[in-house]
Amino acid sequence: MTNRICNFNAGPAALPLHVLEEIQDSFLDFQGSGMSITEVSHRSKWFDDVINDAVLRMKRLLNLDDSYHVLFLQGGASQQFCMIPMNFLSGGATADYVNTGTWSTKAIKEAEIQGKPIRVAASSEDKNFSYIPKDVSYNPDAVYAHITSNNTIKGTQWGEFPDTGGVPLIADMSSDILSRSFDTGKFGMFYAGAQKNMGPAGVCVVVIRDDFLEMVPDDIPTMLRYSTFAAKNSMFNTPPCFAVYTVQLVLKWIEETIGGLEKMAETNQEKAALLYKTIDESGFYKGTAALGSRSMMNVTFRLPDESLEKTFVAEALENRLGGLKGHRSVGGCRASIYNPTPLAAVQTLCDFMKAFERKKG
Ligand SMILES: Cc1ncc(COP(=O)(O)O)c(C=O)c1O
């Protein structure tokens with residue numbers, strides 16, 4: 001394993017080494033089947049055990065009651081942007097959206113394309129999406145209020161979820177799901193593409209409550225109805241078996257190796273604090289997210305100029321620190337420090353940043 005780098009990719013992103021080794025060990029002969037998990041039928045007991053265990057672990061970790069269903073879908077988080085208004089906004093029903101960046105903007109656009117009468121209740125576009133809006137007033141008649149819990153590109157995160165006055169929240173949690181525990185009771189649904197905090201690309205986890213499933217109309221395509229997948233334990237058609245299996249192992253890792261979400265959150269806080277301290281104590285690096293809105297998952301920062309940023313990213317890679325280039329739409333630098341990123345990798349990054357500053361600052 002000497003060849004592995006410190007991986008700060010934004011997604012697909014680092015997976016726990018423990019999980020990768022477990023996959024490797026059982027790859028050619030899964031559970032004595034004489035086949036790999038990518039070869040067994042999704043209708044077999046082997047895969048049934050995998051998906052059922054993943055659902056159970058997800059429910060346990062998030063403390064979900066029986067009114068919530070855990071689904072494993074394809075189409076990524078982006079497909080949920082279109083399915084959410086399609087499934088829940090029939091007959092003129094309205095919803096609120098908070099716009100905190102690229103991904104919320106895309107979610108809003110998908111509702112608008114369908115002509116749904118949604119409202120943008122708040123936006124942080126006035127300051128280049130560098131903060132999370134506070135004291136938003138929500139429409140009491142809204143079927144849901146949609147937020148992006150963590151903004152992967154801009155490096156902002158909802159520290160606490162908003163008080164909507166009883167309007168159920170729907171959250172895109174693609175880049176911070178399972179990074180901390182939260183009160184799931186406020187949510188009608190939340191979802192996450194697995195490829196950041198939870199597994200490989202190819203599966204999107206959707207957690208949806210009974211009352212939201214009951215809203216799904218019959219006159220939309222079968223494959224675009226949440227109820228289709230809820231009724232069939234995510235196996236209406238062939239699910240992305242390998243991705244679901246990897247998610248199952250990541251959930252097991254969080255439960256059994258890390259010790260649950262409180263412990264996970266503690267480490268995540270420690271990692272983020274270390275990195276932000278390095279940034280704040282330097283006169284060289286500058287964080288781009290407003291204090292109070294900073295993400296624990298995606299730490300975005302700038303150097304004094306773009307050419308230094310280029311050199312920083314290149315030299316970091318020479319030092320086996322990968323994935324530090326900011327998103328192409330915003331530039332700068334970004335360290336994504338999701339659940340699997342070890343504290344030691346963040347420490348190594350901080351040491352490199354200090355050395356780079358001494359040399360170039
Ligand atoms: C917050 C957020 N939402 C949605 C997406 C898009 O996810 P997907 O590629 O699974 O559609 C991403 C990242 O790629 C993201 O960071």
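Which residues cover the two faces of β8, and are they buried or exposed? The views below take up this question and others in a predicted model.

**View 1. Strand β8 is covered on both faces.** Leu169 and Ala171 lie on one side of β8. Ile170 and Asp172 lie on the other. All four residues are buried.

**View 2. Strand β8 pairs with β5 and with β9.** β5 and β8 run parallel and share 4 bridges. Here Ala145 has Leu169 of β8 as its bridge partner. β8 and β9 also pair in the parallel sense, over 4 bridges. In that pair, Ile170 is bridged to Met189 of β9. Leu169 and Ile170 thus appear again from the first view, where both are buried.

**View 3. Seven strands form an open sheet.** The order across the sheet is β2-β10-β9-β8-β5-β3-β4. The pairing is mixed. β2, residues 68-73, and β4, residues 119-123, stand at the edges. Each has a single partner strand, so one side of each is left without a neighbour in the sheet. From one strand to the next, the twist averages 20°.

**View 4. Edge strand β2 pairs with β10.** β10 spans residues 204-209. The two strands are antiparallel, with 6 bridges between them. One of the bridge partnerships joins His69 to Ile208 in β10.

**View 5. Helix α2 lies across three strands.** α2 covers residues 45-62. The strands are β2, β9 and β10, with β9 made of residues 187-193. The helix runs at about 130° to β2.

**View 6. Helix α3 lies across β2, β3, β5, β8, β9 and β10.** α3 is built from residues 76-88. Among the strands it crosses are β3 (96-99), β5 (145-148) and β8 (169-172). Its direction is about 155° from that of β9.

**View 7. The whole chain puts the close-ups in context.** The protein chain holds 10 helices and 14 strands. Its radius of gyration is 21 Å, close to the 21 Å that the globule rule gives for 361 residues, so the chain is as compact as a globular protein of that length. The C-alpha atoms fill a box of roughly 65 × 55 × 30 Å along the principal axes. Buried residues make up 56% of the 361. Of the contacts with a separation of 6 or more, 67% link residues 24 or more positions apart. The chain exposes about 15500 Å², and carbon and sulfur atoms supply 50% of that area.

Notes
Residues numbered from 1 in each chain as written. Predicted model: local features only at pLDDT ≥ 70, side-chain atom pairs only at ≥ 80, totals over all residues. Heavy atoms only, no water. Pairing = 2+ DSSP bridges. Axes fitted to C-alpha atoms, helices over the stretch in contact; angles between N-to-C directions. Contact = heavy atoms within 4.5 Å. Rg over C-alpha atoms; globule rule 2.2 N^0.38 Å. Buried < 20%, exposed > 50% of the residue type's maximum accessible area, 1.4 Å probe, protein only. Areas by Shrake-Rupley, 256 points an atom, 1.4 Å probe, with all protein chains shown as cover.
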